[in-house]
Amino acid sequence: MDSTHETILVVDFGGQYSQLIARRVRDLQVYAEIVSYKNALKTCKTVKPIGIIFTGGPESVYKTGAPLPEDDIFNLGIPILGICYGMQAIAFCLGGEVRASEKQEFGRTNVQFLTDNDLFEGLPSESSTWMSHVDSVTCMPKGFSCIAQSKNTAIAAFAHKEKQFYGVQFHTEVEHTDYGNAILKNFLFTICKARGLWQMNTFLEEQITALRTTIKDGSVLLALSGGVDSSVLAALLDKAIGKKLTCIFVDTGLLRKNEGDEVEAVFKNSTMNFVRVNAGERFLKKLADVTEPEKKRKIIGEEFIRIFEEEAHKLGAVDFLAQGTIYPDVVESGVGGAAVIKSHHNVGGLPKNIAFKSLVEPLRTLFKDEVRRLGLELALPESLVYRQPFPGPGLAIRIMGAVTDEKLEILKNADFIFRQELDNAHIDASQYFAVLTDTRTVGVMGDFRTYDYTVALRAVKTNDFMTASVVPISFDLLQIISTRIINEVKGVSRIVYDITSKPPATIEWE
């Protein structure tokens, strides 16, 4: 991100909510960027953030090898907010004491606030927060004062007013903390003096200017999947560079039922240069006998690039490859020293050598809902902007084990029935799909023994795709779906419904 933007640096210590913290900050119209604690000091010197947030983490700060910030980060004169482990890291690094709690706290916990401080300005004297910790600060560093406490935690928050260092033991970023957003807002606008400059209309104008400056007289090849990210990118590039753009739609054969034809119908009649490449057999051959999901992703990523190179060669010299990479793809793929959750085909799956001058990834700093807002700024129809996400590797990562023609046919049909029934029932879900497991079980059909596959169904509700809750589908509807799939899809003998939230699970199975 351009250093002229005011930035909050979210320092990741291995916790599960780093992306959610950054998302909450951006909701308040302040740009936030996630960085590993290993690179935090170096990044501060280049990005020059107006504030720093230390995230939670699974370790104990007093154990050997625990992730800790570099000491010099406390000498930059930048306000710091520590959340959970982040609070304990501040205390430990500055000479305080952290110990295992005598009484651990998990879940909703009432906290008493001292509201005569900037962080809790405007809050009631007591409210409900979300705690999740086994350690506590037992002795504050010199210059700090206690500004909150709970029944079992004497120091539930602290502050060093002069240095503008703050710590809270509870999680401000989760919805279960009643005034979490207000606390973050106080940190951003009262303490860090943010102005709230992060807005999609400004981002759009800046990206159009940047794209025109970068591309100049060059040409761009876009990997168009028809999903939200690549569709918004297509509209952005079309607005910025017009006929210099060619959209390549690769039908991998791993798309949902009828999806290839639907994508072509939307874009072929637009003003864009549109080319469809049918490559189903090619991808299946590459994926033959591959069972490990990370390997699937990397194979698909490289094959995508090779096809784009071939299409570019047919078109003549093409200078840039455009991809709809978004910020969660980057973070989850481990870029910048973060832990690898899963390699996205357009990040961790890219081969080192590609036959283009450079990559163009204008959405790389955006979360999914920011991409949707950008789509609305570009006047894309809501039906496209709010389409549920679909992974780049497609059904390959919704098929457990090796991918075959038979399995693809089973999953496409089962998934179609599930989505059709949820649509007909007007179920309010953000994402819903079927997964073909690698588990085969004994069944009975028409007095004959069967040994067929188990299909898992998943439906979740989420605002930001960083966390997600399970949609409580009625038993009657699940029974209708199960009966249809068993009766209409050959090769399936059992249906299960996934009731796991995110976290601990991811939305996708692989």
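Visitor: What makes the pair D229 and K368 a salt bridge?

Guide: In this predicted model, the closest N and O atoms of D229 and K368 are 2.9 Å apart. A salt bridge requires a side-chain nitrogen of Lys or Arg within 4 Å of a carboxyl oxygen of Asp or Glu. The pair D229 and K368 therefore counts as a salt bridge. The general principle is that side chains of opposite charge can pair when their charged atoms come close.

Visitor: How do you know that this pair links distant parts of the chain?

Guide: D229 belongs to helix 6 (residues 228–241), whereas K368 belongs to helix 11 (residues 368–377). The two residues are 139 residues apart. D229 and K368 are both buried.

Visitor: What makes helix 11 mostly covered?

Guide: Of the 10 residues of helix 11, 7 are buried. These are K368, D369, E370, V371, R372, L374 and G375. The elements that cover them include helix 1, helix 5 (200–215), helix 6 and helix 12. After helix 11 comes A379, which has a positive phi, near 65 degrees.

Visitor: Which residues are linked with D369 in a network of salt bridges?

Guide: The network joins D369 with R23, R24, D27 and R373. For the whole structure, the search finds 30 salt bridges.

Visitor: Why is the contact of K286 and E303 called a salt bridge?

Guide: The N to O distance between the side chains of K286 and E303 is 4.0 Å. The cut-off is within 4 Å, and the pair is therefore counted as a salt bridge. K286 lies in helix 8 and E303 in helix 9, so the salt bridge ties together parts that are 17 residues apart in sequence.

Visitor: Why is K286 called partly exposed, and is E303 buried or exposed?

Guide: The relative accessibility of K286 is 46%. Buried means under 20% and exposed means over 50%, with partly exposed in between, so K286 is partly exposed. E303 has a relative accessible area of 6%, and E303 is therefore buried under the 20% limit.

Visitor: How do you know that helix 8 and helix 9 are in contact, and what describes their crossing?

Guide: Two packed helices are described by the angle between their axes and the distance between the axes. The axes of helix 8 (residues 280–287) and helix 9 (residues 293–315) come within 10 Å and cross at roughly 140 degrees. The crossing is right-handed. Helix 8 contributes R282, F283, K286 and L287 to the contact, while helix 9 contributes K296, I299, I300, E303, F304, R306, I307 and E310. Sorted by class, the contact holds 6 nonpolar, no polar and 6 charged residues.

Visitor: What makes K314 and E311 a salt bridge, and where do K314 and E311 lie?

Guide: The N to O distance of their side chains is 3.1 Å. This value is within 4 Å, so K314 and E311 meet the criterion. Both residues lie in helix 9, 3 residues apart, which is about one turn of the helix.

Visitor: Why are K314 and E311 given opposite labels for accessibility?

Guide: K314 has a relative accessible area of 63%. Exposed means over 50%, so K314 is exposed. E311 has a relative accessibility of 9%. Buried means under 20%, so E311 is buried.

Visitor: Why is R398 called buried?

Guide: The relative accessible area of R398 is 1%, and this value is under 20%, so R398 is buried. R398 is placed in the loop between helix 12 (382–385) and helix 13 (405–424). Leaving aside residues up to four places away in sequence, R398 touches ten positions by name: P389, F390, P391, L411, Q431, F433, A434, V435, L436 and E508.

Visitor: Where is G14 placed, and which residues does G14 touch?

Guide: G14 sits in the loop between strand 1 (7–12) and helix 1 (18–27). Residues up to four places away not being counted, G14 touches G56, G57 and P58. The C-alpha atoms of G14 and S36 are separated by 8.2 Å, and the two residues are 22 residues apart along the chain.

Visitor: What makes the protein as compact as a globular protein of its length?

Guide: The secondary structure comprises 14 helices and 18 strands. The radius of gyration is 25 Å, close to the 24 Å from the globule rule for 510 residues, so the protein is as compact as a globular protein of that length. Buried residues make up 57% of the 510 residues.

Note on methods. Residues numbered from 1 in each chain as written. Predicted model: local features only at pLDDT ≥ 70, side-chain atom pairs only at ≥ 80, totals over all residues. Heavy atoms only, no water. Axes fitted to C-alpha atoms, helices over the stretch in contact; angles between N-to-C directions. Helix = DSSP H or I, 4+ residues; strand = E, 2+ residues; numbered from the N terminus. Left-handed = near helix turned anticlockwise from the far one by under 90°. Contact = heavy atoms within 4.5 Å. Nonpolar A, V, L, I, M, F, W, Y, C, P; charged D, E, K, R; others polar. Buried < 20%, exposed > 50% of the residue type's maximum accessible area, 1.4 Å probe, protein only. Rg over C-alpha atoms; globule rule 2.2 N^0.38 Å.
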